[in-house]
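Please open the structure in the viewer and keep the sequence panel visible. The tour below proceeds by selections, each followed by a description of what is found there.

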Amino acid sequence: QVQLVESGGGLVQPGGSLTLSCAASGFIWNYYGIGWFRQAPGKEREGVSLISTSDDNTYYADFVKGRFTISRDNASNTVYLHMNSLKPEDTAVYYCAAGHFRSVLAGTTDYWGQGTQVTVSS
């Protein structure tokens, strides 16, 4: 029932910026959180950021604080991840996930997008 579609990935130079979008459908918007995770080759998936769809409560991993900003557009059911000052170590496939806030925070939700590749390289 829930569908999540990521877009906006690509190749950027170190220090550059990129904005990812996650368009969500098929769920009760007011009861959900939407988050961003990433997975680099050979590494485990890690949480990046999370936002509540009801009250804008947010979470950021320490390694992106001050560089990334999560936001939402309630009218279009879209969540964005604005990434600034990108580093090579930010290179990964970025996934959005949706569900009840606590399940997304824990990474245990069943609803995931297919991912979008972000590559930070000269």
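Which backbone nitrogen does the side chain of Glu6 reach at 3.0 Å? Before the selection is made, note that this is a predicted model.

**First stop: Glu6**

Select Glu6, which lies in strand β1, spanning residues 3-7. Its side chain reaches the backbone nitrogen of Gln114, at 3.0 Å. Now add Gly115 to the selection: its backbone nitrogen lies 3.0 Å from a polar atom of the Glu6 side chain.

Is Glu6 buried or exposed? Glu6 is buried, yet it has no salt bridge. The nearest side chain of opposite charge belongs to Arg45, and it is 10 Å away. A salt bridge requires a side-chain nitrogen of Lys or Arg within 4 Å of a carboxyl oxygen of Asp or Glu, so this pair does not qualify.

Next, display the surroundings of Glu6. Leaving aside residues up to four places away in sequence, Glu6 touches several residues, including Ser21, Cys22, Trp36, Tyr94, Tyr95 and Cys96. Gly113 and Thr116 are also among the residues in contact with Glu6.

**Second stop: Arg45 and Phe37**

Select Arg45 together with Phe37. The charged end of Arg45 sits over the ring of Phe37, 5.4 Å from the centre of that ring.

**Third stop: the salt bridges**

How many salt bridges does the count come to? The count comes to 4 salt bridges.

Begin with Arg38 and Glu46, whose side chains meet in a salt bridge with an N to O distance of 2.8 Å. Arg38 is buried, with a relative accessible area of 5%, whereas Glu46 counts as partly exposed at 31% relative accessibility.

Move to Lys65 and Asp62. Their side chains meet in a salt bridge at 3.2 Å, N to O, and both residues are exposed.

Then select Asp90 and Arg67, which form a salt bridge whose closest N and O atoms are 2.7 Å apart. Asp90 lies in the loop between β8 (78-83) and β9 (92-99), and Arg67 in the loop between β6 (58-60) and β7 (68-73), so the pair ties together parts that are 23 residues apart in sequence. Asp90 and Arg67 are both buried.

Finally, show Arg38, Glu46, Arg67 and Asp90 together: these residues are linked in a network of salt bridges.

**Fourth stop: Met83**

Keep Arg67 visible and add Met83, whose place is in strand β8. Met83 is buried, with a relative accessible area of 0%. What separates the C-alpha atoms of Met83 and Arg67? The distance is 6.1 Å, although the two residues are 16 residues apart along the chain. Not counting residues up to four places away in sequence, Met83 touches Arg67 and Phe68, and its contacts also include Gly16, Ser17, Leu18, Leu20, Tyr94 and Val118.

**Fifth stop: two residues with positive phi**

Most residues other than glycine have a negative phi. Select Asn77, in the loop between β7 and β8. Asn77 has a positive phi of about 55°, although it is not a glycine.

Continue to Ser85, in the loop between β8 and β9. Ser85 likewise is not a glycine, and its phi is positive, at about 50°. Ser85 is partly exposed, with a relative accessible area of 40%.

Conventions. Residues numbered from 1 in each chain as written. Predicted model: local features only at pLDDT ≥ 70, side-chain atom pairs only at ≥ 80, totals over all residues. Heavy atoms only, no water. Helix = DSSP H or I, 4+ residues; strand = E, 2+ residues; numbered from the N terminus. Buried < 20%, exposed > 50% of the residue type's maximum accessible area, 1.4 Å probe, protein only. Lys, Arg positive; Asp, Glu negative; His and termini not counted. Polar contact = N/O pair within 3.5 Å; in protein donor to acceptor, adjacent residues only side chain to side chain. Contact = heavy atoms within 4.5 Å. Lys NZ or Arg CZ within 6 Å of the ring centre and 35° of its normal.
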